[in-house]
Structures are given as structure tokens and as C-alpha cells.
Amino acid sequence: MVEKSPSILYVKHDDHPYTYVVAENVSAEDYMAHYAHDHHEWVKGYVLKMTPVSGTHDDKVRYLRTLIDAYFTFRQIGMTRAEPFVLKLPESRREPDIQVILNESLPRLTETYMESPVDVCIEVVSPESGPRDYGEKMLEYEAGGVREYWIIDPVRARGTFYRRNDTGLYDHIAPDDTDTYHTPLLPDFGLHVPTLWTTPLPNLLQIIKNVKKMVDA
């Protein structure tokens, strides 16, 4: 159901609140030309305006990206891109909080977007984004061939990790007994989930020290 007001559209979904829609019947090309730079996403012709991030959200994203970039300093096997950098999917254009792009995937990276499949998408959940992150985006990333999808949820103090299996579907992968998540995509890397809920988060020097300990172990 779509309801119109004089200035904005609202799309009502059964399983989550109204999502701001700033335009409809927009092509993917027009989205890239006119909306992608300004914190919008595109789904089947609708241009969705993303809500402003909170300080908590920004802190988690910055920590995660710094951690992974520090790892890539020691293991030069990839790179990251962060929102609002676009991920091109079959029926949508999303702006994941973080995209992890391994060297073998670099031929699909352009100046303005990453053509899926990308190696890892990371979303940090905001109070209003949970239905999208756990629902719509998970299905889109799975269908688009994203190899791993990490959902970092400060609201619930929970990390959820999915890995694509040989059938193209996501398996839920639990962290180990120390609540550290490991992935074969990033050898020697470990994400200690409880650290994400600490205040303050580790600073740059602590991150580099911890990553060096990982890769030297």
C-alpha cells in the first residue's frame, strides 16, 4: 500500500513501520545519478531516504572498519568501503555500513559502486532499521551472492553472522566459545563480539596492537 502526502510518500509494509520514500518509478541509473550520494537506497523503483545515524551507530561502524582495515595492513588481501558507497544488487541498490572486498573481487569494484557478489556486508542495527537489516537486506544479500552477512545489533548486544553455503543460502554461524567470530575469508582474524558493547571502544593504538597479536599468533 502506498499513501501520498503533499511532500513525501510512505510505503507501508506489514512487518515494519513506515519507510520514508522520496521518489517512485525511478530507474537504477537515475538513482545513481541523483540520489546515491546523499544517503538514499533504491529498491524496485523506490528511492528510500535513510535516517540519520546515532553516535552509538557511528562509533560501532568506525571501530569495525578500523579493525578490518588494520587487519588488511598486515594481511594485504582486501579493502573496505563504507556507507554511502553503493552495492549493486539484482533488484536494489543498497549502501551497507561496511563492505569487505577481497582482492579477487576487485575487478567488480568501480569508482561509484561495487557490483555484487561482494565478500562481506556488515550492517549495524539502529532502533528503526532492525526489520530491514534482519529481513529485507538479508534476503537481498543472500540472493545477490554476498558471501557473508554480519549483523551487529547494539540494541540487543548481539552479533549475528551468516555464511553462504553451496546451495546459495545462508547458514547461521556462531562465534566460538570465547564469543569470537572467525571466518575463512579473513585468515587469523577474530571479531571478539563482547568488545563491541564496551565503552569506550578500543582506540586506534589498541586496535593495531590487538590485530598484530592476532596475525602473529
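Thr 80 touches Arg 65, Ile 68, Asp 69, Phe 72, Ile 98, Gln 99 and Val 100 when residues up to four places away in sequence are left out. The model in which these contacts are found is a predicted one, and every value below is computed from it. Thr 80 belongs to strand β6, and because its relative accessibility is 4%, below the 20% under which a residue is called buried, Thr 80 counts as buried. Its side chain takes part in a polar contact with the side chain of Arg 65 at 2.9 Å, and in another with the side chain of Asp 69 at 2.8 Å.

The strand around Thr 80 shows an alternating pattern. In β6, which covers residues 78-82, the side chains of Gly 78, Thr 80 and Ala 82 point to one face and are buried, whereas Met 79 and Arg 81 point to the other face and are not buried. Strand β6 runs antiparallel to β9 (residues 98-102), and five bridges join the two strands. Within this pairing, Thr 80 stands opposite Val 100 of β9.

**The nonpolar cores**

Val 100 leads from the strand pair into the interior. The largest nonpolar core has 29 residues, and those that touch the most other members are Leu 64, Val 100, Ile 122, Trp 150, Leu 186, Phe 189 and Leu 191. Two or more residues of this core are given by each of the elements α2 (55-74), β9, β11 (120-124), β12 (148-153) and α4 (204-216). Helix α2 supplies the largest share, which amounts to eight residues. In soluble globular proteins, nonpolar side chains tend to be buried together.

Which residues does Leu 186 contact, leaving aside its neighbours within four places in sequence? They are Tyr 71, Phe 72, Ile 77, Val 100, Leu 102 and Trp 150. Apart from the largest core there is a second, separate one of 16 residues, among them Leu 87, Met 114, Tyr 141 and Tyr 149.

**Helix α4**

Helix α4 has 13 residues and reaches 18 Å from its first C-alpha to its last, which is close to the 18 Å expected at 1.5 Å a residue. Its buried residues are Ile 207, Val 211, Met 214 and Val 215. Seen down the helix axis, these buried residues fall within an arc of 85 degrees, and they therefore line one face of α4. An α-helix has 3.6 residues a turn, so residues three or four places apart point the same way. The face of α4 turned away from the buried side carries the exposed residues Leu 205, Lys 209, Lys 213 and Asp 216, while what covers the buried residues includes α2. At the start of α4, a side-chain oxygen of Asn 203 comes to within 3.1 Å of the backbone nitrogen of Leu 205.

**Backbone features in the loops**

Several loops hold a cis peptide bond or a positive phi in a residue that is not a glycine, as the table sets out.

| Residue or bond | Feature | Value |
|---|---|---|
| Ser 116 and Pro 117 | cis peptide bond | omega about 10 degrees |
| Thr 199 and Pro 200 | cis peptide bond | omega about -5 degrees |
| Lys 44 | positive phi | phi about 50 degrees |
| Ala 157 | positive phi | phi near 50 degrees |

Pro 117 is found in the loop between β10 (113-115) and β11, and Pro 200 in the loop between β16 (191-192) and α4. Lys 44 is placed in the loop between β4 (40-43) and β5 (46-49), where it counts as exposed because its relative accessibility is 60%. Ala 157 lies in the loop between β12 and β13 (158-164), and with a relative accessible area of 43% Ala 157 is partly exposed.

**Arg 164**

Arg 164 has its place in strand β13 and is partly exposed, with a relative accessible area of 35%. Although Arg 164 and Arg 147 are 17 residues apart along the chain, their C-alpha atoms are separated by 5.2 Å. Not counting residues up to four places away in sequence, Arg 164 touches Glu 142, Gly 145, Val 146, Arg 147, Leu 169 and Tyr 170. The side chain of Arg 164 also reaches the backbone oxygen of Gly 168, at 3.5 Å.

Key
Residues numbered from 1 in each chain as written. Predicted model: local features only at pLDDT ≥ 70, side-chain atom pairs only at ≥ 80, totals over all residues. Heavy atoms only, no water. Buried < 20%, exposed > 50% of the residue type's maximum accessible area, 1.4 Å probe, protein only. Helix = DSSP H or I, 4+ residues; strand = E, 2+ residues; numbered from the N terminus. Pairing = 2+ DSSP bridges. Core = buried A, V, L, I, M, F, W, Y, C linked by side-chain atoms within 4.5 Å. Contact = heavy atoms within 4.5 Å. Polar contact = N/O pair within 3.5 Å; in protein donor to acceptor, adjacent residues only side chain to side chain. Expected span 1.5 Å × (residues − 1). Arc of directions from axis to C-beta.
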